[in-house]
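Subject: Structure handover

Hello,

Here is the structure we talked about. Please open it alongside this note and follow the points below.

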Amino acid sequence: MEVDQVKRKFLKYVLGGSLTALAAMILYPIIAYLKPPKTKSAEVSSVKIGKVNEIPNDSSIMFRFGTKPGILVKTQSGEFRAFEATCTHLDCTVQFKQDIGVIWCACHNGKFDLNGRNISGPPPRPLTPYKVIIQGEDIFVSKIL
Amino acid sequence: MKKNYWKMFYNWFDERIQFEDIIQFAAKKYVPVHSHSIWYYFGGITLFLFIIQVVTGIMLLLYYKGSEDLAFESIQYIMTEVQFGWLIRSVHSWSANLMMLAAFIHMFSVYFTRAYRKPREITWITGMLMLFLAMGFGFSGYLLPWNELAFFATKVGTDIAGVIPVIGKPMLEFLRGGEDVTGATLSRFFGFHVAVMPAIFTVLLGIHLILVQRQGMSEPIGYENKPVTEKKTMPFFPNFLLRDLLFWLVVLNIVALLAVLFPWELGVKADPFAPAPAGIKPEWYFMFMFQTLKYIPAHILFMDGEVLGILLFSAAGLLWTSVPFWDRKTLRGEKTRFINYLGIFALVYIILLTVLGYLE
Ligand code: FES
């Protein structure tokens, strides 16, 4: 009797253990498969986006920075400002709204001033700025490290 | 002669299936008749609209291509080249929207008549899960045309999932198939929409319907205890069923009318590097949540506003789904005002914020 109990317990552990191991063996690759691989797009460090006099004062253009959209604003006084165009609220893409002189997000009416600061609406943080470099006539934008 | 063939045919199946039991079962089934009987039809209507979705969905599948460069074009092709393609797509979209509406009505009527109480807890839970899944169907299906609105709706929607503490980030990557909304996201949503979710939904629907058949229609709480002589009933077969079918016919006409008069638009192809268009809105059944997120300030105490909003909505959803377990009074057969007030509050809140969302 005693021995039987021990045997039973032993079998229970062996069986339970192997079943758990089996489940893990099946589940692990499934879960790992579901996680998308990192896209290995070459890290961009700077992009050329246009020529200084092609862009009028008080206007903006959109550009690509790697996989992210970016926005370049030329202020009324002719200064350049560039930001990652992804809204810090819920990821929509922002635009320059000339009539009110702010960077605006259409999704939840978020507003940023031309320094990228979140000034009204739900965005919790300022836009991520890029560095604008002017070389001769060309405008380059690069990440701020 | 002809009759004999029919009989042979019938007998062959009868020997194998034994129709007798089914007929017996159907004959015994009665539907209570009282002032709230009208609500009994909405489950069936939801089911009918779901069937329309399945049929038109499979039809769309014959031409649709779920990839970044082809999705938009393939729908354009369906709408301009394929005969009646515009109609099939329009019906699919319209019946999806009406199904959400019917499902909400069905859910609220079950809530207010307390039809979720013992022994129907499982029916209620499977129903709620199907409602959430239906929202998932709507959300994933919305992206498939790969147009501008869909693209940003998906960005916002998945980003919302991403702000949930701890599990948010992996979930966001799982949903998007990477860090951003790209063609990979489209492929995933396509898979969810046509394979994963229908499979889960079918199982839930099966349980839900079997339970409804086994337990019969629930009677409202005050009505339940009336003496049998004061209760009116109607045979399910054929009386109720015929009425059901009549409603279905009406619904089919509504769907057809809407689909023809207001064909679903395709809009502009998504451009991941263009700003979000002004006036962007989610589907109406997400509007009240979307609008709430607009009102919540950017920071509350130490939390980002939207994190709080999402946690609140999740908690509310959980509370709502588990109502059969904490509504003790109803369980004892007593009337509870509180449940009514809560329901009315939820209903008014949803309607009010939806309206506000559209007025802006
Ligand atoms: S995503 Fe920009 S304000 Fe919400």
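Two strands pair here if DSSP finds at least two bridges between them. Keep that in mind for the sheets. Also note that this is a predicted model.

**Chain A: the four-stranded sheet**

Chain A has an open sheet of four strands, paired antiparallel in the order 5-6-7-8. Strand 5 (95–97) and strand 8 (118–120) of chain A are its edge strands. Each of these pairs on one side only. Direction ignored, neighbouring strands in this sheet are turned by 40° against each other on average.

Look at strands 7 and 8 of chain A next. They run antiparallel, and two bridges join them. Which residue is the bridge partner of F112(A) in strand 8 of chain A? The partner is N118(A).

The loop between strand 6 (102–105) and strand 7 (110–112) of chain A holds N109(A). N109(A) is not a glycine, yet its phi is positive, at about 60°. Most residues other than glycine have a negative phi. Is N109(A) buried, exposed or partly exposed? Its relative accessible area is 36%, so N109(A) is partly exposed. The range for that label lies between 20% and 50%.

**Chain A: the six-stranded sheet**

A further open sheet in chain A has six strands. The order is 1-10-9-4-3-2, and the pairing is antiparallel. Its edge strands are strand 1 and strand 2 (59–65) of chain A, each pairing on one side only. Here the average turn between neighbouring strands is 30°, direction ignored.

Walk across part of this sheet:

- Strand 1 (residues 46–51) and strand 10 (residues 138–143) of chain A pair antiparallel over five bridges. S46(A) sits opposite S142(A) in strand 10.
- Strand 10 and strand 9 (residues 129–135) of chain A also run antiparallel, joined by six bridges. Q135(A) is opposite D138(A) in strand 10.
- Strand 9 and strand 4 (residues 80–84) of chain A are antiparallel too, with two bridges between them. A82(A) stands opposite Y130(A) in strand 9.

Strands 9 and 10 of chain A form a hairpin. Two residues lie between these strands. In the turn, G136(A) has a positive phi of about 65°.

One point helps when you look at side chains on either sheet. In a regular strand they alternate between the two faces of the sheet.

**Chain B: a helix pair**

Now turn to chain B. Helix 6 (121–143) packs against helix 9 (residues 183–215) of chain B at an angle of about 155°. The axes of these two helices are 9 Å apart. Why call the pair roughly antiparallel? Angles over 145 degrees count as roughly antiparallel, so helix 6 of chain B fits that label against helix 9 of chain B. The crossing of helix 6 of chain B past helix 9 of chain B is left-handed. Their contact includes 18 nonpolar and 10 polar residues, and no charged ones.

**Chain B: loops and cis bonds**

The loop between helix 5 (85–112) and helix 6 (121–143) of chain B deserves a look. R120(B) is found there, and P119(B) has its place there as well. The peptide bond from K118(B) to P119(B) is cis, with omega near 5°. Most peptide bonds are trans.

Is R120(B) buried or exposed? Its relative accessibility is 15%, so R120(B) counts as buried. The cut-off for buried is under 20%. What does R120(B) touch, leaving aside neighbours within four places in sequence? The contacts are A115(B), Q215(B), G216(B), M217(B) and S218(B).

A cis peptide bond also joins F237(B) and P238(B), with omega about 5°. P238(B) lies in helix 11 (residues 236–261) of chain B.

Last, check V166(B). This residue is in the loop between helix 7 (148–162) and helix 8 (168–176) of chain B. V166(B) is not a glycine, but its phi is positive, at about 65°. Its relative accessibility is 78%, so V166(B) counts as exposed.

Best wishes

How values were computed:
Residues numbered from 1 in each chain as written. Chains lettered and ligands numbered in written order. Predicted model: local features only at pLDDT ≥ 70, side-chain atom pairs only at ≥ 80, totals over all residues. Heavy atoms only, no water. Buried < 20%, exposed > 50% of the residue type's maximum accessible area, 1.4 Å probe, protein only. Contact = heavy atoms within 4.5 Å. Axes fitted to C-alpha atoms, helices over the stretch in contact; angles between N-to-C directions. Parallel < 35°, antiparallel > 145°, perpendicular 65-115°, else oblique. Left-handed = near helix turned anticlockwise from the far one by under 90°. Nonpolar A, V, L, I, M, F, W, Y, C, P; charged D, E, K, R; others polar.
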